[in-house]
Amino acid sequence: MSTEGGTRAILAALAANIGIAITKFGAFLLTGSSSMLAESIHSLADSGNQVLLLVGGKRSRRTATAEHPFGYGRERYVYAFIVSVVLFSVGGLFALYEGWHKVHHPEPIDAWQWVPIAVLLVAIGLESYSFRTAIHESNQTRGQLSWVQFIRRAKAPELPVVLLEDFAALIGLVFALIGVGMTLITGNGVWDGLGTLAIGALLVCVAVVLAIETKSLLLGEGAGPEAVARIQAALLADDSVQRVIHMRTMHLGPEELLVAAKIAVAPTDSAAEVARTINAAEARVRAAEPVARVIFLEPDIYVEPAVATTSAPTAES
């Protein structure tokens, strides 16, 4: 995923969420609807999340230091994990509490009854624009992967986070529209509370999915199977490398991959020939997989493992 594509999706989502949060909160002040309050807090939390993603992207580009020799690429994963925590606590838990309170103490919407409907319809339009932008940017790198596979395999966290946030926002707006609409039709504020509870449950589920995926990235994920195949093919593209004895990969950041491999060379090769083999192999790997920026190749002499044999016991006379 390109950094530019992720930034465009984040900025589109940030602009939409700031405008939506302001209009939703104004609607809450006029009507007292708990669904509108939950949705305004949700949009405010989403705006803060987009700021966190931008900060993480900026901090990840810092130059490597002696204390952090592999750079700061994983800061993007740290901030994405913080986003999942904010979405869970600020968005989800607050909505669940507000919905529970409204169900037990329902209040009808008596004033400015048309305001929440108008605000929710406008918000659906703005969120749809943000969601469309995230889908467009994701399609640049998604390839043939399904959306579930893309979210699970993506090494850059920004687009999956924005996609899930926008998806949750759209579904949450539908829940709010149903809750507010039923409250206006029946005059029973319980519907408003139920809509708020549905929003809270949705946000908690999305936050858990985000936390699981970003936790995996924080722990250190290896390259995908297609990238591993390209790297191995590049290493073996010249006869000077007889085989790849073993190889390990790990993402130091979305656009930085560490490759460590032990390769078999001919036992008759001189030190100079081995050095040329390693340098050429590194160049081939970088050409085949440009994100492979940190490469460690260890030459070795491959020896076929001994095959254990057992002899049949002889009968004693």
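Biologist: Why is Arg152 called exposed?

Modeller: The relative accessibility of Arg152 is 56%. Residues count as buried under 20% relative accessible area, exposed over 50% and partly exposed in between, with a 1.4 Å probe and protein chains only. The value for Arg152 is over 50%, so Arg152 is exposed. Do keep in mind that this is a predicted model, where local features need pLDDT of at least 70, side-chain atom pairs count only at pLDDT 80 or more, and totals for chains, interfaces and linings use all residues. Residues are numbered from 1 along each chain as its sequence is written, and side-chain values use heavy atoms, leaving out hydrogens and water.

Biologist: What makes the pair Arg152 and Glu213 a salt bridge?

Modeller: A salt bridge needs a side-chain nitrogen of Lys or Arg within 4 Å of a carboxyl oxygen of Asp or Glu. In this pair the N to O distance is 3.7 Å, so the cut-off is met. Arg152 sits in helix α5 (residues 147-153) and Glu213 in helix α7 (residues 190-219), so the salt bridge ties together parts 61 residues apart in sequence. Helices are DSSP runs of H or I with at least four residues, strands are runs of E with at least two, and both are numbered from the N terminus. Glu213, with a relative accessible area of 15%, is buried.

Biologist: How many salt bridges does the whole structure hold?

Modeller: The search finds 11. One of them joins Glu221 to Lys155, with the closest N and O atoms 2.6 Å apart. Glu221 is in the loop between α7 and α8 (225-235), while Lys155 is in the loop between α5 and α6, 66 residues away. Glu221 is buried at 14% relative accessibility, and Lys155 is buried at 17%.

Biologist: How do you know that Glu298 and Lys262 form a salt bridge?

Modeller: Their closest N and O atoms are 3.8 Å apart, which is within the limit, so the pair qualifies. This salt bridge links strand β3, which holds Glu298, to strand β2, which holds Lys262. Glu298 is partly exposed at 43%, whereas Lys262 is buried at 18%. Elsewhere, salt bridges with shared partners bring Arg59, Arg62 and Glu75 into one network.

Biologist: What makes β2 and β3 a pair of strands?

Modeller: Two strands pair if DSSP finds at least two bridges between them. Strands β2 (residues 256-264) and β3 (residues 292-300) run parallel and are joined by 8 bridges, so they pair. On the way from β2 to β3 the chain passes through helix α9 (residues 271-288), in a right-handed β-α-β crossover. Right-handed means that, with the strands pointing away from the viewer, the path from the first strand over the helix to the second runs clockwise. Within the pair, Ala260 is opposite Phe296.

Biologist: Why is Lys24 called buried?

Modeller: Lys24 has a relative accessibility of 1%, under the cut-off for buried, so the label applies. This lysine belongs to helix α1 (residues 3-31). Its side chain makes a polar contact of 2.8 Å with that of Ser43. Such a contact is a pair of N or O atoms within 3.5 Å; within protein, one must be able to donate a hydrogen and the other to accept it, and residues adjacent in sequence count only if both atoms are side-chain atoms.

Biologist: And why does Asp166 count as buried?

Modeller: Its relative accessibility is 1%, again under the cut-off, so Asp166 is buried. Asp166 lies in helix α6 (residues 158-186), and its side chain has a polar contact of 2.7 Å with that of Ser130. Leaving aside neighbours within four places in sequence, residues in contact with Asp166 (heavy atoms within 4.5 Å) include Ala13, Glu127 and Phe131.

Biologist: What makes a group of residues a nonpolar core?

Modeller: The members are buried Ala, Val, Leu, Ile, Met, Phe, Trp, Tyr and Cys residues joined through side-chain atoms within 4.5 Å. The largest core has 42 residues, of which Leu53, Val162 and Val206 touch the most other members. Helix α6 gives the largest share, 10 residues. A second, separate core has 20 residues, among them Ala227 and Ile263.
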